[in-house]
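Let's take a walk through a protein model together, from its outline down to single side chains. Have a look at the picture first, then read on.

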Amino acid sequence: MDENKTYTNEHVYFVNQLYRDFLLPTILGDDNAAILYWAGKRVSRHYDLSSFEDVNSFFITAEFGELTKIKERRGSIILELSGQNVSDRLSSDSQEFSLEAGIIAEAIQREKKQTTECDAKILAKEQKVQFTASFD
């Protein structure tokens, strides 16, 4: 293998899809969503993500898509994830966004210093995923 080879976005996307959409569900079975959520929280801590800007930058780098803050209330934040990779995943059998929800939950929890949970909702017509992060 050429050590100087630069990997393309397509390569990164393929590797993400291979692991998250095929191998992990095969290994984790029915616990896939719960384990990916908690893994996302751990990823967020490991990469010291503690703001919306940190998470958005991480998502772009990881080829997860672009995150947009839609609305912020006293006890919740609504975000949307969009982009070609999101559309591609929604068009396939991959409708699992628990990893992303966990990353978001932990980052907002660190930013707000309040216990935070995050749910994902597929917006099929818009080809987006909406995340609602709720905190105390």
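Our starting point is Tyr-19, which is found in helix H1 (residues 9-28); helices (H or I, at least four residues) and strands (E, at least two) are DSSP runs, numbered from the N terminus. Tyr-19 is partly exposed, at a relative accessible area of 47%; here buried means under 20% relative accessible area, exposed means over 50%, and partly exposed lies in between (1.4 Å probe, protein chains only). Please keep in mind that this is a predicted model, in which local features need pLDDT of at least 70 and side-chain atom pairs count only at pLDDT 80 or more, while totals for chains, interfaces and linings use all residues. Residues are numbered from 1 along each chain as its sequence is written, and side-chain values use heavy atoms, with hydrogens and water left out.

Tyr-19 has company: together with Phe-14, Leu-18, Phe-22, Leu-23 and Ile-27 it forms a nonpolar patch on the surface, with about 610 Å² of accessible area together. Patches are made of residues with over 30% relative accessible area and no salt bridge, joining like charges within 9 Å and nonpolar side chains (Val, Leu, Ile, Met, Phe, Trp, Tyr) within 5 Å. The areas come from the Shrake-Rupley method with a 1.4 Å probe, and for residues only the protein chains shown count as cover.

**The overall plan**

Now zoom out. The protein chain has five helices and four strands, and along the sequence they follow the pattern α-α-α-β-β-α-α-β-β. Of the 136 residues in the protein chain, 39% are buried.

**How the strands pair**

Two strands pair if DSSP finds at least two bridges between them. The table shows the pairings.

| Strands | Sense | Bridges |
|---|---|---|
| S1 (residues 66-72) and S2 | antiparallel | six |
| S2 and S4 (residues 128-135) | antiparallel | six |
| S3 (residues 116-123) and S4 | antiparallel | eight |

How many residues does the hairpin from S1 to S2 pass through? The answer is three. S3 and S4 form a hairpin too, with four residues between them, and Gln-127 in that turn has a positive phi of about 60°.

Glu-80 is a handy landmark in S2, being the bridge partner of Thr-68. Glu-80 also stands opposite Gln-130 in S4. Further on, Glu-117 has Ser-134 in S4 as its bridge partner. Strand S2 (residues 76-82) is mostly covered, with six of its seven residues buried.

**Rings that meet**

Four aromatic pairs turn up in a search of the whole structure. Rings of Phe, Tyr and Trp (its six-membered ring) pair if their centres lie within 6.5 Å; planes under 30 degrees apart count as stacked, over 60 as edge-to-face and the rest as tilted. One of the pairs is Tyr-37 with Trp-38, edge-to-face at 5.4 Å centre to centre and 85° between the planes. Another joins Tyr-47 and Phe-58: their centres are 5.3 Å apart and their planes are at 45°, so this pair is tilted. Tyr-47 lies in the loop between helix H2 (32-46) and helix H3 (52-61) and Phe-58 in helix H3, so the pair ties together parts that are 11 residues apart in sequence. Is Phe-58 buried or exposed? At 18% relative accessibility, Phe-58 counts as buried, while Tyr-47 is partly exposed at 49%. Ring pairs link both residues with Phe-59 and Phe-64 into a cluster.

**Charges that meet**

Side chains of opposite charge can pair when their charged atoms come close. A salt bridge is a side-chain nitrogen of Lys or Arg within 4 Å of a carboxyl oxygen of Asp or Glu, and the whole structure holds seven of them.

Lys-41 and Glu-106 form one, their closest N and O atoms being 3.4 Å apart. This pair links distant parts of the chain, with Lys-41 in helix H2 and Glu-106 in helix H5 (residues 98-112), 65 residues apart. Lys-41 is buried at a relative accessible area of 5%, and Glu-106 is buried at 6%. Arg-45 is linked with these two in a network of salt bridges.

Lys-112 bridges to Glu-72, with closest N and O atoms 2.7 Å apart; Lys-112 belongs to helix H5 and Glu-72 to strand S1, 40 residues apart.

Finally, Glu-100 forms a salt bridge with Arg-89, at 2.9 Å between the closest N and O atoms, and both residues are buried. The charged end of Arg-89 also sits over the ring of Phe-97, 4.0 Å from its centre; this term asks for NZ of Lys or CZ of Arg within 6 Å of the ring centre and within 35 degrees of the ring normal.
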